[in-house]
Amino acid sequence: MNRSCPDRQDQIVEYMLGALDDAQAAAVREHLAQCEGCRRYFEDLKRQGDDLIELGTRATAGMGVREGRVIQALETVPPAGRVIPVIGGFMRIAVAAVLVLGAGVVIGRLTAPRPVDAEQLRADLEASIVASLKPAIQESVLAGLDQRLEATLASSDTEIRVEVAEQISRDLRTFASQFTSNSEQLMDRRFAELIEVIEAARLTDRRQVARALEQIKAQTGAGLRSVAALTGTASTSVEN
Amino acid sequence: MDERSDRDLVTASCGGDRTAYAGLVRRHYGHVFLVCLGVLGNVHDAEDVAQDAMIKGFEQIRQVREGDQFGGWIVAVARNLSINQLRKRKTTEKTMSTWWAGPGGSRVEGVSGMGFQPMNHRQDADATTDRGRDALDTGASEDLQRAVARLPWDLRLPLVMYYFDGQDVKTVARRLEISPSGVYLKLRTAIKELHEMLTAQGDTP
């Protein structure tokens, strides 16, 4: 049995498929007319093609039954979900990628530490510290003031007491001194006045006594003279 | 079949109109199923994942910016779900591939005609169900099924879309979001590998 020409087989297949232009097809026809092996090869391929078509006819037989099964199966399938009709295939993937990247950028920006604003940070820290420490400081200061006040008062109290006592003592001493001095002077003056009064009274008394004595003397002299006179007359008389 | 445009049906479905979405299911389920089949190479897994894709489409239909783009959008959903499913069963699939490709052809009874791959546990359980009968019961094309199943999924998917779904290369390229030349390259590679596998098995179509 003659075999086909190996270098002609591709062309023969393409000729059978109708892939050759007119000139190439004519060349193949000319060769087939001259080469029994290639002619048999071509006939084999044609028969093989017919068998394939026949096989396909049987394969597609009963297609109506298959379609019926599919349509029956579709009865239990829910209708299509809504998608964006204009976005599909590559565009959908691209949009999804952009969305994912965009979300990543946004999340990154939101979560990334911001540049340090010294003034803002200082103000925030100050406000925060003031807010957090102010009550404590106030309490601490008040407590300190209370303690200092109490200590001051305690010490002042002692000092004041001592000072007051000293002052009182000084005042008392001064007062006593002055009082003593004044009293002595007053006493001296009073004594002097008293002495003067006493002297005056004594003088007055002396004068009164003197006058009384004078009067007494006078009266006594007169009486005595009277008596004497009376006595003297009686005696003369008696002598007589 | 609902005569309204995809745009109108999508708009109505966004409002929860199940009847409108049923119209979209009838219009696009075939493409979705074949994309799943192209990736997974297994009819039963393709049915399950295609159903999951249509349900997910109803749940997320508001993501469709232009109603006219629903077809491409739901196919992309189905393809992604299928690839995820393929990864999940990777270990099991390797085990199964070794199982039925091993020495002596140690196939499990029921493998023939049950899809593009040897039966897994689910297939075994469904072997007598309607779904089992819906699966490929080819007989003569069993080798072709197995050859298709052995292709890498990135080669099998454009092959299935081109031959099974009758889509032209430009449509396959648009739905797979690759260039037409890329689709031609994958188709060429897949077709040549299939031929080599079938020839090696001595069962040239």
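Student: In chain A, where is confidence lowest and where is it highest?
Tutor: This is a predicted model, and within chain A the lowest confidence falls in helix α6 (residues 118-239), with a mean of 72. The highest is found in helix α2 (residues 22-34), at 95. Over the whole of chain A the average pLDDT is 78, and 79% of the residues score at least 70.

Student: Which helices mark the lowest and highest confidence in chain B?
Tutor: Helix α6(B), residues 121-125, is lowest with a mean of 37, whereas α9(B) is highest at 94. Chain B averages a pLDDT of 79, and 73% of its residues score at least 70.

Student: What is the pLDDT over residues 102-114 of chain B, and how many contacts does this stretch have beyond near neighbours in sequence?
Tutor: The pLDDT there is below 50, and the model shows 23 such contacts. Residues 116-140 of chain B likewise stay under 50, with 57 contacts beyond four places in sequence. Where pLDDT is low, the predicted coordinates should not be read in detail.

Student: What scores does the predictor give the complex?
Tutor: The complex receives an ipTM of 0.75 and a pTM of 0.56.

Student: What secondary structure does chain A have?
Tutor: Chain A has six helices and zero strands. Read from the N terminus, its elements therefore appear as α-α-α-α-α-α. Chain B has 11 helices and zero strands.

Student: What share of the residues counts as buried in chain B?
Tutor: A residue is called buried because 20 or more other C-beta atoms lie within 10 Å of its own. In chain B, 47% of the 205 residues count as buried. In chain A, buried residues make up 8% of the 240 residues.

Student: Why is B:Thr171 called partly exposed?
Tutor: Within 10 Å of B:Thr171 there are 16 other C-beta atoms. Buried would require 20 or more, and exposed 12 or fewer. The count of 16 lies in between, so B:Thr171 is partly exposed. This residue is found in helix α10 (residues 169-176) of chain B. The C-alpha atoms of B:Thr171 and B:Val183 are 9.9 Å apart, and the two residues are separated by 12 residues along the chain.

Student: Which residues of α4(A) and α3(B) meet?
Tutor: From α4(A) come A:Arg66, A:Arg69, A:Val70, A:Ala73 and A:Leu74; from α3(B) come B:Glu47, B:Gln51, B:Met54, B:Ile55 and B:Phe58. By class, the residues of this contact are six nonpolar, one polar and three charged.

Student: Why are α4(A) and α3(B) called oblique to each other?
Tutor: Their axes come within 10 Å and cross at roughly 45°. Angles under 35 degrees count as roughly parallel, and 65 to 115 as roughly perpendicular. An angle of roughly 45° fits neither range, so α4(A) and α3(B) are oblique. The handedness of this crossing is right-handed.

Student: What makes α8(B) and α11(B) oblique?
Tutor: The axes of α8(B), residues 142-150, and α11(B), residues 180-200, come within 10 Å and cross at roughly 130°. Roughly perpendicular ends at 115 degrees, and roughly antiparallel applies over 145. The crossing angle of roughly 130° falls outside both classes, and the pair is therefore oblique. This crossing is right-handed.

Student: Which residues bring α8(B) and α11(B) into contact?
Tutor: B:Asp143, B:Leu144, B:Ala147, B:Val148 and B:Arg150 of α8(B) meet B:Leu194, B:Met197 and B:Leu198 of α11(B). These residues divide into six nonpolar, no polar and two charged.

Student: How many residues of chain B are in contact with chain A?
Tutor: On the side of chain B there are 44 residues, in contact with 38 residues of chain A. A pair counts as a contact because the C-beta atoms of the two residues lie within 7 Å. The elements of chain B that give two or more residues to this side are α2 (18-40), α3, α7 (130-134), α8, α9 (153-164) and α11.

Student: Which element gives the most to the side of chain B that touches chain A?
Tutor: That element is α2(B), with 10 residues. By class, this side of chain B has 23 nonpolar, 10 polar and 11 charged residues.

Notes:
Residues are numbered from 1 along each chain as its sequence is written. Chains are lettered from A and ligands numbered from 1 in the order in which they are written. This is a predicted model: local features need pLDDT of at least 70, side-chain atom pairs count only at pLDDT 80 or more; totals for chains, interfaces and linings use all residues. Axes are lines fitted to C-alpha atoms, for helices over the stretch in contact, and angles run from 0 to 180 degrees between N-to-C directions. Helices (H or I, at least four residues) and strands (E, at least two) are DSSP runs, numbered from the N terminus. A crossing is left-handed if the near helix is turned anticlockwise from the far one by less than a right angle, and right-handed if clockwise. Ala, Val, Leu, Ile, Met, Phe, Trp, Tyr, Cys and Pro count as nonpolar, Asp, Glu, Lys and Arg as charged, and the others, Gly among them, as polar. pLDDT is the predictor's confidence in each residue, from 0 to 100.
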